[in-house]
Structures are given as structure tokens and as C-alpha cells.
Amino acid sequence: MKHLFAKGDQKIFRRTITDDDHAIFLGKRLHAVYSTFAMGRDFEWSSRLFFIDMLEADEEGVGTFLQINHKGPAFSGEEVVITATVDTLRGNELICTISALVNGRVIADGMTGQKMLKKERLKALFTKP
């Protein structure tokens, strides 16, 4: 693993919210707003951007935890700006704080955890006995 980042470093991920990001369960749309589970996907991606730069050819990152404090709605067509900030980088573990803003308004914050592992180790973990 390449050690390229330090506490306080940031990655920014921007995307436009679509109808596919709404709260839809078992084919039923509950709310026409940016869902917490779509936000979780985007939170994880924003912190993974660090690992994309850090990984060696024989390594891969894996998520270890996700915390989301969903504070307000966002709608299709709006751009969400997600900022991942390095909180802790110790050994092969990366913990980021995350904030999500729409038009300067905080719609969520939280944290993610990831670990960098050798691809062989992940393959062994992800192989059903």
C-alpha cells in the first residue's frame, strides 16, 4: 500500500441525483428523494477514491463500516457534493469523515472504514467453504 495521504486530506465526489437513487424497496417507491442506501453507496465510493490511488497491483480495499446521519432531503436533478476527509490512516486501515451537501446545505454526514488487503487474502475470505 502506498502511503500518500495524511489526516485532513480530502477527496470530493460529485454526482447528480437520479430517480434510481430514490427510496425504493421491493419495487415500490416510498419517497422521491435521495435515499439513505444510495447515499451509503456514494459515501463508500467517496472514501474509496483514496484507496484507488494507494493500492498496489496485488491489493484491494474492502469496507469495514458505514455510518450515516441523514439530515435532510435532496431531489432528482440536484447535485450532491460528497467530501471524504481522512480522519485516521493506521497500517492498512483508513477511516474517513464524510459530508454531503446540496446547494451548500448539509444533507448528511458520517464516517466510513476500509482496510487494504492482499487480493489472495480477500479471495480466501470470499470463497464459500
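Phenylalanine 37 is partly exposed, with a relative accessibility of 43%, in what is a predicted model. Its partner in an edge-to-face aromatic pair is phenylalanine 25. The two ring centres lie 5.4 Å apart, and the planes meet at 70°. Phenylalanine 25 is likewise partly exposed, its relative accessible area being 45%. Because phenylalanine 25 belongs to strand E2 (residues 22–25) and phenylalanine 37 to helix H1, their contact ties together parts that are twelve residues apart in sequence.

Both rings also contribute to the surface. Phe25 and Phe37, together with Leu26 and Leu30, make up a nonpolar patch there, and the accessible area of these residues together is about 480 Å². Within this patch, leucine 26 is placed in the loop between E2 and strand E3 (28–34). Leucine 26 counts as exposed, since its relative accessibility reaches 94%, where the cut-off for exposed is over 50%.

In total, two aromatic pairs are present in the structure. In the pair of phenylalanine 5 and phenylalanine 50, the centres of the rings are 4.9 Å apart and the planes stand at 80°, so this arrangement is edge-to-face; an angle over 60 degrees is required for that assignment. Phenylalanine 5 is located in the segment before strand E1 (10–16), whereas phenylalanine 50 is part of helix H1 (residues 36–54); the pair therefore ties together parts that are 45 residues apart in sequence. Phenylalanine 5 and phenylalanine 50 are both buried, whereas phenylalanine 25 is partly exposed, as is phenylalanine 37.

Conventions. Residues numbered from 1 in each chain as written. Predicted model: local features only at pLDDT ≥ 70, side-chain atom pairs only at ≥ 80, totals over all residues. Heavy atoms only, no water. Phe/Tyr/Trp six-rings, centres within 6.5 Å; stacked < 30°, edge-to-face > 60°. Helix = DSSP H or I, 4+ residues; strand = E, 2+ residues; numbered from the N terminus. Buried < 20%, exposed > 50% of the residue type's maximum accessible area, 1.4 Å probe, protein only. Patch = residues over 30% accessible without salt bridge, like charges linked within 9 Å, V, L, I, M, F, W, Y side chains within 5 Å. Areas by Shrake-Rupley, 256 points an atom, 1.4 Å probe, with all protein chains shown as cover. Salt bridge = Lys/Arg side-chain N within 4 Å of Asp/Glu carboxyl O.
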